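Me: Could you walk me through this model, one question at a time? I'd like to follow the reasoning behind each reply.

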Amino acid sequence: MTSTALRYRVRPIELELKHTFRLSRGASDRRHNLVVEIESEGLVGYGEAAPIPRYAQDAESAHRAIDQMLSALQDPIDFEPELSRVAVADQPAAVAAVDMALRDLQAKRQGVPWYQTQGLDPETIQPTSFTIGLDCPEVVVQKVREAAGFHALKVKMGLDNDREILAAARRATDQRLRVDANEGWTLHDAQQRLDQLVELGVELVEQPLPAGELAAMRELKRTSPLPLFADESVQSLEDIPRLAEAFDGVNIKLMKCGGMGPALEMIAAARRHGLQVMLGCMVESSLGISAAVQLSPLVDFVDLDGNLLIRNDPFGGLELHAGRLLPSGQPGLGVWPLDAAPRQGCTA
Ligand code: MG
């Protein structure tokens with residue numbers, strides 16, 4: 001172990017959304033994320049934090065947490081024991097950024113893509129779904145037409161005219177449809193809607209009820225004709241066991257759980273409890289998304305479109321082929337800042 005502190009810098013990035021993003025709990029058209037760069041022996045590891053306001057995080061709190069962790073960390077190689085000791089528990093997006101940057105660095109030292117260090121094969125990656133935000137039926141149809149290249153669409157719900165929105169989407173496309181209610185329904189709403197969703201060919205429903213309502217979720221699951229996935233109900237490893245009776249699957253996101261290391265543990269735990277696994281994201285640049293893409297050979301459903309929703313992606317390297325997001329094959333996380341060292345490769 002070296003006795004000097006790590007060399008790093010943290011810089012804010014402002015991501016502009018192509019469409020104003022509406023959920024059942026609010027709307028916004030830009031995101032304030034952070035990029036952390038850790039330098040060691042001539043290599044730079046990159047990580048991204050997309051702080052989640054729902055969990056009382058913002059760019060300032062994430063920045064403070066990154067400073068706190070990186071001023072305590074000393075060993076950029078055998079970092080996992082140290083990182084788990086200094087991780088700021090209530091700032092998982094900041095922990096994810098540090099975890100990501102150190103793994104990027106670790107694989108770059110070995111000169112291989114990160115997925116290769118885990119024996120994962122990108123050939124097995126499933127196509128990603130593409131999110132269609134809440135809107136009036138006419139705009140939803142327009143968005144569905146724009147998303148024709150994707151195999152599956154995730155339609156956000158939670159408004160009074162849910163059925164009208166989804167029926168309009170269904171008329172406009174034959175793509176696979178998934179629904180995310182973002183906690184917007186009551187048990188009664190959900191019970192009524194699920195049969196209608198089956199008729200419209202929906203293949204799964206994400207977070208129909210508020211996060212804490214596990215007793216109601218267990219009741220819903222008993223009669224549900226569709227697989228039910230937890231998103232807001234699942235944040236970290238400890239949540240997994242109690243979700244097995246309430247859901248059929250979990251949506252794991254690096255920014256909720258604290259990065260690639262914790263996500264690996266959660267995927268394993270979900271499998272032990274018989275849960276299917278979706279890998280999701282926040283609005284992130286290709287940097288954060290690439291970290292999740294590296295893990296995606298391990299999961300059943302890929303829901304990684306955060307970089308595709310923005311117009312000013314500051315990172316390049318991810319490739320979108322026939323609806324599948326694939327890593328570049330370059331060492332580490334396989335992405336690079338577009339303003340620093342332009343290299344061959346296309347942004348998704
Ligand atoms: Mg969700």
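Me: Is C257 buried or exposed?
Reply: Happy to help, and do keep in mind that this is a predicted model. C257 has a relative accessible area of 12%. The cut-off for a buried residue is under 20%, so C257 counts as buried.

Me: Which cysteine sulfur is closest to that of C257, and how many disulfides are there by the rule?
Reply: A disulfide needs two cysteine sulfur atoms within 2.5 Å. The closest cysteine sulfur to that of C257 is in C281, and at 13 Å the pair is too far apart for a bond. For the model, the count of disulfides by this rule is 0.

Me: Why is strand β7 largely enclosed by the rest of the structure?
Reply: Strand β7 covers residues 202–206. The strand is largely enclosed because, of its 5 residues, the number buried is 4.

Me: Which residue of β7 stands opposite R178?
Reply: Good one to find on screen! Strand β6 (residues 176–180) runs parallel to β7, and 4 bridges join them. Within β7, the residue opposite R178 is L204.

Me: Which helix lies in the β-α-β unit with β6 and β7, and what is the hand of that unit?
Reply: The helix is α7, residues 187–199. Together with β6 and β7, helix α7 makes a unit that is right-handed.

Me: Through which helix does the chain cross from β7 to β8?
Reply: β7 also pairs with strand β8 (residues 228–230), in the parallel sense over 2 bridges. In that pairing V205 stands opposite L228 of β8. The right-handed crossover from β7 to β8 goes through residues 214–223, helix α8.

Technical notes. Residues numbered from 1 in each chain as written. Predicted model: local features only at pLDDT ≥ 70, side-chain atom pairs only at ≥ 80, totals over all residues. Heavy atoms only, no water. Buried < 20%, exposed > 50% of the residue type's maximum accessible area, 1.4 Å probe, protein only. Pairing = 2+ DSSP bridges. Right-handed = clockwise from strand over helix to strand, strands pointing away.
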